[in-house]
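I opened the notebook to record what I looked up, entry by entry, with the terms spelled out as they come.

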Amino acid sequence: MKNYISENISYLVAKMRGSQDELGSIFDLKRGTINTYISKKAQPKIETIQKICDYFDITIDAFINTSLEETNGGKNVKNATLNAAAGNNENFAKELQLRDDLIAFYKEKVERLEKSNSENSNEEMLFKMVKEIHHITLRNDIKQSIDDSKKDLPEKSI
């Protein structure tokens with residue numbers, strides 16, 4: 001995919017009516033570094049691209065993907081991007097509202113499930129306790145029954 005970085009750096013040098021040294025001094029770059037960008041021997045780091053775009057008030061997308069010379073220094077691209085964003089604000093607001101509604105719906109559903117699980121958990125715990133009490137009572141009844149039956153047996157004499 002073609003990028004316009006070298007052409008755009010060259011365009012910015014010409015637009016400034018300066019030299020590669022002057023452009024480089026703005027961004028703490030040497031003339032040789034600027035020359036390697038223009039001659040396509042190297043690409044600037046993303047941080048350098050960000051600084052250039054901030055300084056000249058152009059979008060990174062316009063700097064990389066379009067000829068600044070053909071797009072009035074990237075202003076046409078930036079304006080088109082802003083206009084598209086403004087047109088999308090209404091859709092964006094609708095999407096945000098839909099997202100908020102879905103979040104509220106699922107939050108309520110989770111709360112209901114948690115409450116239901118809590119009630120089920122309480123019922124299960126109560127059932128286990130009743131079952132335990134029943135076993136204890138049954139055990140005590142059997143023990144009492146055994147003790148009672150021992151009393152009724154005649155004692156063996158040896």
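What share of the contacts in the protein with a separation of 6 or more comes from residues 24 or more positions apart? I found 51%, where contact means heavy atoms within 4.5 Å.

**Entry 1: ground rules.** I am working with a predicted model, in which local features need pLDDT of at least 70 and side-chain atom pairs count only at pLDDT 80 or more, while totals for chains, interfaces and linings use all residues. I number residues from 1 along each chain as its sequence is written, and I take side-chain values from heavy atoms, with hydrogens and water left out.

**Entry 2: overall make-up.** I looked up the secondary structure and noted six helices and zero strands, in the order α-α-α-α-α-α along the sequence; helices (H or I, at least four residues) and strands (E, at least two) are DSSP runs, numbered from the N terminus. Of the 158 residues in the protein, 19% are buried, a term I use for under 20% relative accessible area, with exposed for over 50% and partly exposed in between (1.4 Å probe, protein chains only). The protein exposes about 12600 Å², and carbon and sulfur atoms supply 54% of that area; accessible areas come from the Shrake-Rupley method with a 1.4 Å probe, and for residues only the protein chains shown count as cover.

**Entry 3: helix α1.** I asked which residues of helix α1 (residues 5-15) are buried. They are Ile5, Ser6, Asn8, Ile9, Tyr11, Leu12 and Val13, and what covers them includes α2 (20-26), α3 (31-38), α4 (46-56) and α5 (60-65). I then followed Ser6, which lies in helix α1 and counts as buried because its relative accessibility is 5%. Leaving aside residues up to four places away in sequence, Ser6 touches Tyr37, Ile38 and Lys40. Just after α1, I noted that Arg17 takes a positive phi of about 55°.

**Entry 4: aromatic rings.** A pair of aromatic rings is described by the distance of the centres and the angle of the planes. I counted rings of Phe, Tyr and Trp (its six-membered ring) as paired if their centres lie within 6.5 Å, calling planes under 30 degrees apart stacked, over 60 edge-to-face and the rest tilted. By this rule I have three aromatic pairs. The pair of Phe27 and Tyr55 is edge-to-face, because the ring centres are 5.5 Å apart and the planes stand at 85°. Phe27 lies in the loop between α2 and α3 and Tyr55 in helix α4, so this pair ties together parts that are 28 residues apart in sequence. Phe27 and Phe56 make a tilted pair, because their centres are 6.4 Å apart with the planes at 45°. With Phe56 also placed in helix α4, the pair of Phe27 and Phe56 ties together parts that are 29 residues apart in sequence. Both Phe27 and Phe56 are buried, and ring pairs link Phe27, Tyr55 and Phe56 into a cluster.

**Entry 5: charges.** How many salt bridges does a search of the whole structure find? I obtained three, taking a salt bridge as a side-chain nitrogen of Lys or Arg within 4 Å of a carboxyl oxygen of Asp or Glu. Glu7 meets Lys2 at 3.1 Å, N to O, and Lys40 meets Glu7 at 3.5 Å, N to O. Lys40 lies in the loop between α3 and α4 and Glu7 in helix α1, so the pair ties together parts that are 33 residues apart in sequence. Lys2, Glu7 and Lys40 are thus entered as a network of salt bridges. Glu7 is partly exposed at 29% relative accessibility, and Lys2 is partly exposed at 45%. The charged end of Lys2 also sits over the ring of Tyr4, 4.7 Å from its centre; for this, NZ of Lys or CZ of Arg must be within 6 Å of the ring centre and within 35 degrees of the ring normal.

I also noted a salt bridge between Arg112 and Glu108 (4.0 Å, N to O), both in helix α6, four residues apart, or about one turn of the helix. Arg112 is partly exposed at 48%, as is Glu108 at 46%.
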